[in-house]
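Please open the structure in your viewer and keep the selection panel at hand for the stops that follow.

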Amino acid sequence: MNDNGNKHFGHERTKKILKITGIIVVSAGAVLTIIGLVSFFSAFGGGEAPRLFWCTLLGLPMLGVGGMICMLGFKREITRYVKNESVPVINEAGEEIAPAVGAIADAARGESGENLCPHCGKPNTDEAKFCRHCGGELTVTCPVCGEKVKDGKFCDNCGAKLKQ
Ligand SMILES: [Zn+2]
Ligand SMILES: [Zn+2]
């Protein structure tokens, strides 16, 4: 005996009952509503009391309840439909978001955009000594302290001016 299989089967059967019940209740509710409305409007024309108007009062709640039962029964189908419908939207959004995400990913990798390669101008991680885009050296030898420091206006080791 497979308990999971039985549970699954029971679940499917419940869904089937929900679907059928929902459709029946919605159909009956729709018919009652229409009968009531027809009675109501024909009563207007004939000057009689709308004797079958109670059908609408009964039919409308049935439409609502039946609709809810249908929603429960068709939940998976609706979910699947909504998912399929929204996938292209997500893809489109993804294409627009991708560059922004790329920039965030660059920032997360430590590419603040400040450690630009002096040879090719592309950003590198703050710790990088050589450019990962062109292989060029990102550091310069400080003329005062002799340390290999990041290219910039001043030596970040001793504060000496690197560029005139
Ligand atoms: Zn470079
Ligand atoms: Zn220095």
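Four donors count as tetrahedral if all angles lie between 85 and 135 degrees, donors being N, O and S atoms within 2.8 Å of the metal (3.2 Å for Na, K and Ca), with water not among the atoms, so sites may look incomplete. This is a predicted model, in which local features need pLDDT of at least 70 and side-chain atom pairs pLDDT 80 or more, while totals for chains, interfaces and linings use all residues. Residues are numbered from 1 along each chain, chains are lettered from A and ligands numbered from 1 as written, and side-chain values use heavy atoms, without hydrogens and water.

Select first the zinc ion (ligand 1), which is coordinated by the SG atoms of C117, C120, C131 and C134 at 2.2 to 2.3 Å. Its four donor atoms subtend angles of 104 to 117 degrees, and the arrangement is therefore tetrahedral. C117 is buried, at 4% relative accessible area (buried means under 20%, exposed over 50%, partly exposed in between, with a 1.4 Å probe and protein chains only), whereas C134 is partly exposed at 41%.

Move next to the zinc ion (ligand 2), whose protein donors are the SG atoms of C142, C145, C155 and C158, lying 2.2 to 2.4 Å from the ion. The spacing of these donors along the chain is C-x2-C-x9-C-x2-C.

Finally, select C142, V149, C155, A160 and L162, the five residues of the largest nonpolar core, a core being a set of buried Ala, Val, Leu, Ile, Met, Phe, Trp, Tyr and Cys residues joined through side-chain atoms within 4.5 Å.

Notes. Tetrahedral: all angles 85-135°; square planar, octahedral: opposite > 155°, others 65-115°.
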